[in-house]
Amino acid sequence: MGLTQFKYLRLRRILAFMVVLTLSSMLSSLTALSLLSFYKGLSAYMGEGENVIIVYDMGSRTPFTGLVPAFLADKIMAVDSVLACSPEVIAPCIVKGEPIFLRGVLPEEFLKINGISIIDGKKLSPKELNYAMIGIRASEKTGLKAGDKVLVTGVLSQTCLELHIKGVFASGSPLDDEIIAPLHVGQWLRGAGYNHVTIIRVKVHDINVQEEVLSVISKASTEPSREGGQTQPSGQGSFEQAPVRWLPIRFRAEDIGVEGAERFLIDYMERYGVTRETIIVLSAATLIFSGSVILLSTQALISQHSREIRILRFIGASRKILVRDLTLKIAPISLLASALGTTLAASLLGYILESGLLQILSHSIQIYLDTYTIILITLSILAITLLGIRTATK
Amino acid sequence: MDLLYLKIFLRRNDTSHSILIIALLAAMLASAYSINSFLNAQIEALASLREPAGKKYVILGGESISNSRLNPLLADSLRSLQHIGNVTAERIFWSNVSVGPIRFESLVRGVSNVKEFLSMRKAYLNGSAATNMAEAVIGELVSKAYSIGVGSKIHLTYNGRSLILTVTGLFRTQTEIDSEIIVPIVAAFNLTGEEEASLIEFSLKAGADVSEALKEVAGLLPRDARIVCTQQPTLFARQINTQIIRFLAFWSLAVHAVVASASYIIATRLIEETSYEIRMLMALGARRLSIFTLIISYIIIVATSGSILGSALGLIGTQMISAALSWLTPSIRMAPFLEPQQALQILLTTIFSAIMGCIPPAHRAAKMKYTERLL
């Protein structure tokens, strides 16, 4: 006996059921997609491509607060397979009342690692002392444009300075939320002097050069310190043109770490329990919790049609046939609602992210649509719906 | 009487199931809020470690330093206040500079006493401080970038006026003045043709009441002037945390939408399964409003119990998971907690969304005709 021709599920009830499923699917997708976007965005923050390694302070609690001897940049630059070496200081500051991260760099070296396109104004050149470039999203947030002069207030140091905005740039990365200024500006705002930087980003031919870089660092740690000296220049090679001068200082080689750019941030996130696995577990927990609503709504839908189901049973439909028919009728609705929920979550998240309303540490997140996660959510919702059908028809 | 009717609904087996569903959703909110509270406390604790004892304050009369204009006599008025320590009036402006064939634009800072100013900034000085209108000292970054040494003549131009100065010293402070040319303030006034300061820097005496002192200062300021406080890590941390809270608020909207839909289903199911009782009550004379109120009251009880249970479940669950994570990975140290106002917020918003969700079915139930099915 086939029941396909019997249209006993009422449209209004099906629509209500679909709304519940769509909302539950939206919640699960929203949780999973936003967490994954955050994870992916932050892990790609330090470098584009695979051939960027980071020299960092292993003892720091955040990627923005470590201190590495600046003179290590000279030593690393001398390694054969190093293509570019960018000492950088990342400093939090307040610009027009907004919290923003300013990145102090040596423009020539920085631009060898990060490709940026100038939207308005010009690029920063090495000899400009009080100039800066601003990322497109930071520019939209603060209303700053090329040619403006802006007051920057330090968060970690008692600094209050004026910068001339030379250009607005776009990179398609979290850099778009930052201000790029000469290295010394970052050092003033960080308040740690000219002999330290936050990180050194190194572009290499081959990522396996890490061991060589570590041995160079280890060797440098045994050099005598010249801290306290006043104006002796120490920059070498391509750093000679940099306005800032640094001196060899004493440090412990075991405090300095060298990692691939992505691994560097993943390590920091793992320290706070943020791993890909915990994100999946969190999303799964959301799905299970909202899954109870899906289960309840499936049971309610069947309970609403108990009269019709009883009649079908009376005219000879077995439980097996009934379950098969309900599955055939409800499963497509479940799939449709899941797809609708995911689409709704993605477009809502996309809109909110695009409008810059959602930020983590003053950096906008780029939406990341993970196909496996979406498939997993859809299948889980389907499975819970089918479970609901089975339990309700017992 | 109504309470008696309510018991008919509450005694159903499904009530505990409904409470559990709302509890699971509230648990999601509680766990997210408790993790956020922990992160917030961590950020604030980290920030407070950097909060300086003696802060520097700056008075500005414009959006940026070089566009700011203030009466330099304001500095004298500030000195007369009892809580104020050091006060310096400075004129800062962008000037075209030429040294032989080299031309560039640089910030020039005019201060009343160059030697005192440099010593206050703990500068290493190579040479001597500028003492008159024909002398200047330059920061080491300007010196290195444009190869200017002691004894060099620099030509400053500002709005058609010009001044030739001799460099008497090079300095290094590792602060923002290293990229500037420092001149006596009279030279700055002479070059700009305006006897106005750009900013007034001041600090407070030790033990001074900050809000009282700043109130006194604010009382002396002209209408367009403002006080800028440097180094505020706690404020920065709070602003950063606001971004996370905004994200959480956005996410909890989605949770509340699911709570509303769960409430819709719970109410629909309740009406479906107690339709006989509802109709019987109507036959006995219960008004439509009473039926509507009964269903809403039932949902309020379910939502209240669910959100209290959920908050507890969420918090305990998160704490247990954190403890397990800390045990497995010692570097992870998390202690999530829920503040009372957050628990209250979860309770109230859950009840509100549950009421919103159950209004359509409750309205439908109130409009039911009892005669059809009873007969």
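Hi everyone, I'll talk about the interface of chain A and chain B, and then about one helix of chain A.

A word on conventions: this is a predicted model, where local features need pLDDT of at least 70 and side-chain atom pairs count only at pLDDT 80 or more, while totals for chains, interfaces and linings use all residues. Residues are numbered from 1 along each chain as its sequence is written, chains are lettered from A in the order in which they are written, and side-chain values use heavy atoms, leaving out hydrogens and water.

Let's start with the interface. Here 77 residues of chain A are in contact with 69 residues of chain B, contact meaning heavy atoms within 4.5 Å. The buried area is about 6700 Å², with 64% of it from carbon and sulfur atoms; that is the accessible area (1.4 Å probe) that the two parts lose on being put together, summed over both. On the chain A side, A:Gln158, A:Glu162 and A:Leu296 lose the most area, together 11% of what that side buries.

How many salt bridges does the rule find across this interface? It finds zero, taking a side-chain nitrogen of Lys or Arg within 4 Å of a carboxyl oxygen of Asp or Glu.

Now to helix α9 of chain A, residues 306-314, a DSSP run (H or I, at least four residues) numbered from the N terminus. Its buried residues are A:Glu308, A:Ile309 and A:Leu312, buried being under 20% relative accessible area and exposed over 50% (1.4 Å probe, protein chains only). Seen down the axis, these fall within an arc of 100 degrees, so they line one face of the helix; the arc is taken from the directions from the helix axis to the C-beta atoms. They pack against α1, α8 and α10 of chain A. The face turned away carries the exposed A:Arg307, A:Arg310, A:Ile311 and A:Phe314.

How values were computed:
Helix = DSSP H or I, 4+ residues; strand = E, 2+ residues; numbered from the N terminus.
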